[in-house]
Amino acid sequence: MAGMTASQRRWEAWFDAYAKIDGGWPERIELPCPEGDGGRVQIAYLAGREGGKGMVFVWCDRCRTGIFLHRVRIPDDAPRLPHGATEDEIDKIIPPDTVFLPPDPAIEPLPD
Ligand SMILES: [Zn+2]
């Protein structure tokens, strides 16, 4: 899209991957890493205080790059980390060396 910076395009490619996997639930959609390294996109939800909403993390199992979003709707019956999960619990699901791209303020959903 015109006017987007390279970092916005990169973030948006990750957002698209999230939207496809999230929108496809309960079907498990396998996507190649947007970085083009042949890795697979992984997804994990972290339950928020209110049921049904929380954070989502998507990342590549090869390059350990990804994005996260706050206040997303978690699909019914999707596995999720409990609200208040410890760092150890999170590290078991999301590799601790994963580097998350800084959120894009133009795309980040507004608070509700
Ligand atoms: Zn990758």
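**Note on the predicted model: the sheet and its strands**

1. Glycine 66 in strand E3 is the bridge partner of tryptophan 59. The structure is a predicted model, and this pair is a useful point of entry to its sheet. E3 covers residues 65–73, and 6 bridges join this strand to E2 in an antiparallel arrangement.

2. Tryptophan 59 also has a partner in the other direction: this residue of E2 is the bridge partner of glutamine 42. Between E1 and E2 there are 7 bridges, and the two strands run antiparallel. Strands of a sheet pair through backbone hydrogen bonds, either parallel or antiparallel.

3. Is strand E2 mostly covered or mostly open, and how many of its residues are buried? E2 comprises residues 53–60, and 6 of its 8 residues are buried, so the strand is mostly covered. For the protein as a whole, buried residues make up 20% of the 112 residues.

4. Two hairpins connect these strands. In the hairpin of E1 and E2, 5 residues lie between the strands, and glycine 52 takes a positive phi near 85 degrees. The hairpin of E2 and E3 has 4 residues between its strands, and arginine 64 in the turn has a positive phi of about 55 degrees.

5. The sheet is open, has 5 strands and follows the order E4-E1-E2-E3-E5, with mixed pairing. Strands E4 (80–81) and E5 (99–100) stand at the edges; each has a single partner strand, and therefore one side of each is left without a neighbour in the sheet.

6. The pairing of E1 with E4 is parallel: 2 bridges join E4 to E1, which spans residues 41–47. Here leucine 46 stands opposite leucine 81 of E4.

7. In the protein as a whole there are 2 helices and 5 strands. Read from the N terminus, the elements follow the pattern α-β-β-β-β-α-β.

8. What radius of gyration does the protein have, and what would a compact globule have? With 112 residues, a compact globule would have a value near 13 Å; the protein has 14 Å, which agrees. Its C-alpha trace spans about 40 × 30 × 25 Å along the principal axes.

9. A final point concerns contacts along the chain. Of the contacts in the protein with a separation of 6 or more, 52% are between residues 24 or more positions apart.

Technical notes: Residues are numbered from 1 along each chain as its sequence is written. This is a predicted model: local features need pLDDT of at least 70, side-chain atom pairs count only at pLDDT 80 or more; totals for chains, interfaces and linings use all residues. The radius of gyration is taken over C-alpha atoms; the globule rule is 2.2 Å times the number of residues to the power 0.38. A residue is buried if 20 or more other C-beta atoms lie within 10 Å of its own, exposed if 12 or fewer, and partly exposed in between; C-beta atoms are placed from the backbone. Two residues are in contact if their C-beta atoms, placed from the backbone, lie within 7 Å. Two strands pair if DSSP finds at least two bridges between them.
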